[in-house]
Amino acid sequence: MSIVRWARGKSPWYFHYETGSCNGCAIEVFALQTPLYDLERFGIMNTGNPKHADLLLVTGCVGYRSGRVLRNLYHQMPGPKAVVAIGVCALTGGIFHDCYNLAPGADKVIPVDVYVPGCAPWPEAMIDGILLAAEKLRGAPVARDRRRLVEEEEPPAGGAGEEGKA
Amino acid sequence: MVYRPLLIAFGVLVLAPLLGGLLTGFDRWLSARLQARVGPPLWQPFADLVKLWHKDRLTVNVVQILYANAYLLFVAAALAELALGHDLLMLLFTLAFGTISLVLGGFSVRSPYSRFGAQREIMQLLAYEPILVLMVVAIYLRTGSFLVSRVVVFPRPLLPSLPLIFLGYLLVVVIKLRKSPFDLATSLHHPHQELVKGILTDYSGPYLGIIELAHWYELVLLLGLAGLFWATSVWAAAGVALLVYLAAITVDNVSARVTWAWMLRFAWQAGLGLAAINVVWLYLWGAGMP
């Protein structure tokens, strides 16, 4: 099963969700695709589809409304998956931490695995965070135990949230 | 030996994914280099496939799985037909069945993105299928047979007598490999995309892996068909196939996406027009050719 672990570490596809903020971190996440930072050399790809993704990149202050969307997207991702919170807003809410309409950090809404601090973080720091999350994917349980774990722990994915009822 | 065809088919179906994966990795590496990036390693597609196969099984409905498997089955069958030297017309029908399976899979879910992608896949089928049929007709007019096994023993290369058909086939390859400017239904291995992921939106995990594997078979099949244009020796055929692939990658990297209407117009006016001229020419004066 070591080949499975190897493949998981070498091919994390990420899905980026901007919860709504100044877009500073989002622009830096887009910069990861440029020839200067070139994430694809690690096998990391951007997908626009949570169903194809292994990593969820969250940037921005998580509002109670965008938090619902964030939770929905998280549940649409098939496991094993990991979440990377990028920027101080996604970590703690930053200067908006005591706003009435914001959750203080993405980890109040979904489980976050890697925290990348900064306002906005350097793209190098983001690459570091994404590779740390890829290490986490590598350590995820393989084979049959996984399916049992998933059934017990996670709510039914794919159909969760408002979209599933439509 | 009775088992020989079975052994050949088995061998080709085992080796084709290895070749298809390496070619896909080469495509991604070369595309990255053309964009002044370092790019992924050559084995990257294999890591992707293994990862996809070991993700959780998330499906929208059971029919979707059936169609993903049918797509793989038909494309693999088409490749086996090519390897065994069967009928080119039968090969085209099998390949079209595969594409239709993918379309039905896209239609079987409620996601509007998937349905849009499926509709665009039909438009792609509509654009390239007539060119492929004319290509087979032209091959028949030149060699007197629809059988691949007869075409490959034809003493002269086909390319000098089918130059316009070859240009049309280049267009078919770019459309069929879902390369820019025709990555309408879905785009593969690209960060840029439209309509989420088009026809593949609701496929995930192992089922996306199945479709990826089918794409590898499709790639090998299309390059194999390109090799028929110079089938007098294996090396010449491989060279032509490689040139076609390089041309497709280059076009992919220098062009932006067009609309489906533009694609249809271009394929029917330029592609079909060229192919038709070649067929008429072969029909009128082909008999006197050496």
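Here is a chat between a trainee and a mentor about a predicted model and the terms used for it.

Trainee: What should I know before reading the labels?

Mentor: Since this is a predicted model, local features need pLDDT of at least 70 and side-chain atom pairs count only at pLDDT 80 or more, while totals for chains, interfaces and linings use all residues. Residues are numbered from 1 along each chain as its sequence is written, and chains are lettered from A and ligands numbered from 1 in the order in which they are written.

Trainee: What makes something a helix or a strand in chain A, and how many of each are there?

Mentor: Both are DSSP runs, numbered from the N terminus: H or I with at least four residues for a helix, E with at least two for a strand. By that rule chain A has 7 helices and 5 strands. Their order from the N terminus is α-β-α-β-β-α-β-α-β-α-α-α.

Trainee: How do you know which strands of chain A pair, and in which order do they stand in the sheet?

Mentor: Two strands pair if DSSP finds at least two bridges between them. E1 (residues 13-18) and E2 (residues 45-46) of chain A have 2 bridges, in the parallel sense, so they pass that test. One residue to look at is A:Tyr14, which stands opposite A:Asn46 in E2(A). E1(A) also runs parallel to E3 (residues 55-59) of chain A, with 5 bridges, and there A:Glu18 faces A:Thr59. Further along, E4 (residues 82-86) of chain A and E5(A) are parallel over 3 bridges, with A:Tyr115 as the bridge partner of A:Ala85. Overall you get an open sheet of 5 strands in chain A, ordered E2-E1-E3-E4-E5, with parallel pairing.

Trainee: Why do E2 and E5 of chain A stand at the edges?

Mentor: Each has a single partner strand, so one side of each is left without a neighbour in the sheet.

Trainee: Which handedness does the β-α-β unit of E1(A), H2 and E2(A) have?

Mentor: Point the strands away from you; if the path from the first strand over the helix to the second runs clockwise, the crossover is right-handed. The unit made by E1(A), helix H2 (residues 24-31) of chain A and E2(A) is right-handed.

Trainee: Why are H1(B) and H8(B) called roughly perpendicular?

Mentor: Axes are lines fitted to C-alpha atoms, for helices over the stretch in contact, and angles run from 0 to 180 degrees between N-to-C directions. Under 35 degrees is roughly parallel, over 145 roughly antiparallel, 65 to 115 roughly perpendicular and the rest oblique. The axes of H1 (residues 4-34) of chain B and H8(B) cross at roughly 90° and come within 8 Å, so roughly perpendicular it is. The contact includes B:Ala16 and B:Pro17 in H1(B), and B:Leu213 and B:Trp216 in H8(B).

Trainee: And what makes H5(B) and H10(B) roughly parallel?

Mentor: H5 (residues 112-143) and H10 (residues 260-285) of chain B pack at about 10°, with axes 9 Å apart. Those helices are therefore roughly parallel. Their contact has 22 nonpolar, 2 polar and 2 charged residues. In that count, Ala, Val, Leu, Ile, Met, Phe, Trp, Tyr, Cys and Pro are nonpolar, Asp, Glu, Lys and Arg are charged, and the others, Gly among them, are polar.

Trainee: B:Thr94 and B:Asp87: how do you know how buried or exposed each one is?

Mentor: Count other C-beta atoms, placed from the backbone, within 10 Å: 20 or more is buried, 12 or fewer exposed, in between partly exposed. B:Thr94, in helix H4 of chain B, has 22, so B:Thr94 is buried. B:Asp87 has 16, so B:Asp87 is partly exposed; this residue sits in the loop between helix H3 (62-83) and helix H4 (88-107) of chain B. For chain A, buried residues make up 45% of the 166 residues.

Trainee: What does B:Thr94 contact?

Mentor: Contact requires C-beta atoms, placed from the backbone, within 7 Å. Leaving aside neighbours within four places in sequence, B:Thr94 is in contact with B:Phe74, B:Ala77, B:Ala78 and B:Glu81. B:Asp87 touches B:Phe146 and B:Leu147, not counting residues up to four places away.

Trainee: How many residues of chain B are in contact with chain A?

Mentor: 26 residues of chain B, and they meet 25 residues of chain A. H2(B) gives the largest share of the chain B side, 5 residues.

Technical notes: Two residues are in contact if their C-beta atoms, placed from the backbone, lie within 7 Å.
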